[in-house]
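Trainee: I am new to this structure and would like to know how its labels are earned. Please take me through them one at a time.

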Amino acid sequence: MTVMLKILRPMSEFSESKVAKIIVPAVAGDLTVLPDRAPTYLLLRNGQVKALDEDNRIVHRFFVHGGVADIAQDVCRIESEIVHAYDDMTLEEAKLRYEKATTDEIKDYYKVIIDEFTLSSK
């Protein structure tokens, strides 16, 4: 069984894929979405959405700037104003965007990415 992951930005779909499970950065703590999960609506914090295969290997990762997750009928819809695919971002790019950010809220988002890459040595 699989779960459909849909990641949306305002006015556009960013990504869509079927995966075994999804880990979302909920405000109250990370939540794992499995097939047949009860409907849930969550507020998200800045962080990573991780899509995993049947062997718990990460197959897709996305950085989200907060947002919401609407989970129902084996579909997890993530809506966030800013989304970056993990593989399309670098530490240098995150640092540059951090420096150019005009609000503390946006700086906080890029700081999460900088911290992730610093800890993982990407």
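Mentor: Start with a definition: a charge sits over a ring if NZ of Lys or CZ of Arg is within 6 Å of the ring centre and within 35 degrees of the ring normal. Keep in mind that this is a predicted model.

Trainee: What lies over the face of Y86, and at what distance from the ring centre?

Mentor: R61 does, at 3.7 Å from the ring centre. The cut-off is 6 Å, so the distance part of the definition is met. K107 is placed over the face of Y98 in the same sense, at 4.8 Å from the ring centre.

Trainee: Why is the pair of Y86 and F117 called edge-to-face?

Mentor: A pair of aromatic rings is described by the distance of the centres and the angle of the planes. For Y86 and F117 the centres are 5.1 Å apart and the planes stand at 70°. Centres within 6.5 Å make a pair and planes over 60 degrees apart count as edge-to-face, so both conditions hold for Y86 and F117. The structure holds five aromatic pairs.

Trainee: What makes the pair of Y86 and F117 tie together parts that are apart in sequence?

Mentor: Y86 lies in the loop between β10 (83-85) and α1 (91-100), while F117 belongs to helix α2 (residues 104-120), so the pair links parts that are 31 residues apart in sequence. F63 joins Y86 and F117 in one aromatic cluster.

Trainee: Do Y86 and F117 count as buried or exposed?

Mentor: Buried means under 20% relative accessible area. Y86 has 6%, so Y86 is buried. F117 has 1%, so F117 is buried as well.

Trainee: How do you know that Q48 is buried?

Mentor: The relative accessible area of Q48 is 10%, which is under 20%, so Q48 is buried. Q48 is found in strand β6 (residues 47-52).

Trainee: Which residues does Q48 touch, leaving out those up to four places away in sequence?

Mentor: Q48 touches I23, P25, R61, F62, F63, Y86 and E116. With E116 there is a polar contact between the two side chains, at 3.1 Å. That value is within 3.5 Å, so the distance limit for a polar contact is satisfied.

Trainee: Why is the meeting of K111 and D115 called a salt bridge?

Mentor: Side chains of opposite charge can pair when their charged atoms come close. Between K111 and D115 the N to O distance is 2.6 Å, and the limit is 4 Å, so the pair counts as a salt bridge. Both residues lie in helix α2, four residues apart, about one turn of the helix. K111 is partly exposed at 37% relative accessibility, and D115 is partly exposed at 33%.

Trainee: How many salt bridges are found in the whole structure?

Mentor: A search finds seven. One of them joins R57 to D55, with the closest N and O atoms 3.2 Å apart. R57 and D55 are both exposed. Salt bridges with shared partners join D53, D55 and R57 into one network. Another salt bridge is formed by R77 and E79, again with 3.2 Å between the closest N and O atoms.

Trainee: What makes R77 and E79 partly exposed?

Mentor: Partly exposed is the range between 20% and 50%. R77 has a relative accessible area of 31%, so R77 falls in that range. E79 has 36%, so E79 falls there too.

Trainee: Which residues of strand β5 are on the covered face, and which on the uncovered one?

Mentor: In β5 (residues 40-44) the covered face has T40, L42 and L44, and the uncovered one has Y41 and L43. In a regular strand the side chains alternate between the two faces of the sheet.

Trainee: How do you know that β5 pairs with β8?

Mentor: Two strands pair if there are at least two bridges between them. Five bridges join β5 to β8 (residues 67-72), so the condition is met, and the strands run antiparallel. Among the bridge partners, L42 is matched with A69 and L43 with V68.

Trainee: What do β8 and β9 form, and how many residues lie between them?

Mentor: They form a hairpin with two residues between them, and Q73 in the turn has a positive phi of about 50°. Five bridges join β8 to β9 (residues 75-79), and these strands run antiparallel. One of the bridge partners is C76, matched with I71.

Note on methods
Residues are numbered from 1 along each chain as its sequence is written. This is a predicted model: local features need pLDDT of at least 70, side-chain atom pairs count only at pLDDT 80 or more; totals for chains, interfaces and linings use all residues. Side-chain values use heavy atoms; hydrogens and water are left out. Rings of Phe, Tyr and Trp (its six-membered ring) pair if their centres lie within 6.5 Å; planes under 30 degrees apart count as stacked, over 60 as edge-to-face and the rest as tilted. Buried means under 20% relative accessible area, exposed over 50%, partly exposed in between (1.4 Å probe, protein chains only). A salt bridge is a side-chain nitrogen of Lys or Arg within 4 Å of a carboxyl oxygen of Asp or Glu. A polar contact is a pair of N or O atoms within 3.5 Å; within protein, one must be able to donate a hydrogen and the other to accept it, and residues adjacent in sequence count only if both atoms are side-chain atoms. Contact means heavy atoms within 4.5 Å.
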